[in-house]
Amino acid sequence: MELTLNHFLILSAILFSIGLVGALTRRHIIIMLICLEIMLNAGNLNLIAFWYYSPNPDLMHGPLFTLFTIAIAATEAALGLALVLAIFRHFKTIDLEQIQDLKE
């Protein structure tokens, strides 16, 4: 069985859906960050698949955009973890259900 563009698009849609459902239903900050990373990686998979199956894959636009989004994702993860540490130091929990007031 040969892999086609549709296989990658379906896999990307499944990964994005899993990430979206996880980000919307979970209240744990770390799990929400992981779900955001899954959604970003689904986008990266789309970029690479469209690049690979494009009529001119010699142009490196897909991998360059993917490297850019990986850099953005690393920045987002670092900022997210810094926020988690700050919230934990202040509220002594990272459960969003227990954090009701940001003015405390």
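These notebook entries follow what I looked up in the structure, going from the helix pair to single residues.

**Model.** I am working from a predicted model, and I keep that in mind for each entry below.

**Helices α2 and α3.** I began with the pair formed by helix α2, residues 29–52, and helix α3, residues 61–91. Their axes come within 9 Å of each other and cross at roughly 175°. Since angles over 145 degrees count as roughly antiparallel, I therefore enter α2 and α3 as roughly antiparallel to each other. I then sorted the residues of the contact between α2 and α3 by kind, and found 16 nonpolar, six polar and two charged.

**The start of α3.** I looked next at H61, which lies in helix α3, and noted its relative accessible area of 48%, which makes H61 partly exposed. I also looked up its separation from L47: the two residues are 14 apart in sequence, and their C-alpha atoms are 8.8 Å apart in space.

**The loop between α1 and α2.** For another pair with a sequence separation of 14 residues I took R27 and N41, whose C-alpha atoms are 21 Å apart. R27 belongs to the loop that joins α1 (5–25) and α2, and with a relative accessible area of 35% I list R27 as partly exposed.

**The nonpolar patch.** Which residues make the nonpolar surface patch of about 510 Å²? I found M1, L3, Y52 and Y53 there. Of these I checked Y52 further: this residue is found in helix α2, and because its relative accessibility is 53%, above the cut-off of 50%, Y52 counts as exposed.

**T4 and Y53.** I then turned to T4, found in the segment before α1, and wrote down a relative accessible area of 32%, so that T4 is partly exposed. Along the chain T4 and Y53 are 49 residues apart, while the separation of their C-alpha atoms is 8.2 Å. Y53 is also one of the residues of the nonpolar patch noted above.

**Later in α3.** Is F88 in helix α3 buried, exposed or partly exposed? I placed F88 in helix α3, and at 43% relative accessibility F88 counts as partly exposed. For a distance within this part of the chain I paired F88 with A78, 10 residues away in sequence, and read 15 Å from C-alpha to C-alpha.

**After α3.** My last stop was K92, placed in the segment after α3. I looked up its backbone and found phi near 65°, a positive value in a residue other than glycine. The relative accessible area of K92 is 62%, so I enter K92 as exposed.

**Looking back.** On exposure, I have Y52 at 53% and K92 at 62% as exposed, whereas H61, R27, T4 and F88 are each entered as partly exposed.

Conventions: Residues are numbered from 1 along each chain as its sequence is written. This is a predicted model: local features need pLDDT of at least 70, side-chain atom pairs count only at pLDDT 80 or more; totals for chains, interfaces and linings use all residues. Side-chain values use heavy atoms; hydrogens and water are left out. Axes are lines fitted to C-alpha atoms, for helices over the stretch in contact, and angles run from 0 to 180 degrees between N-to-C directions. Helices (H or I, at least four residues) and strands (E, at least two) are DSSP runs, numbered from the N terminus. Angles under 35 degrees count as roughly parallel, over 145 as roughly antiparallel, 65 to 115 as roughly perpendicular and the rest as oblique. Ala, Val, Leu, Ile, Met, Phe, Trp, Tyr, Cys and Pro count as nonpolar, Asp, Glu, Lys and Arg as charged, and the others, Gly among them, as polar. Patches are made of residues with over 30% relative accessible area and no salt bridge: like charges are joined within 9 Å, nonpolar side chains (Val, Leu, Ile, Met, Phe, Trp, Tyr) within 5 Å. Accessible areas come from the Shrake-Rupley method with a 1.4 Å probe; for residues, only the protein chains shown count as cover. A salt bridge is a side-chain nitrogen of Lys or Arg within 4 Å of a carboxyl oxygen of Asp or Glu. Buried means under 20% relative accessible area, exposed over 50%, partly exposed in between (1.4 Å probe, protein chains only).
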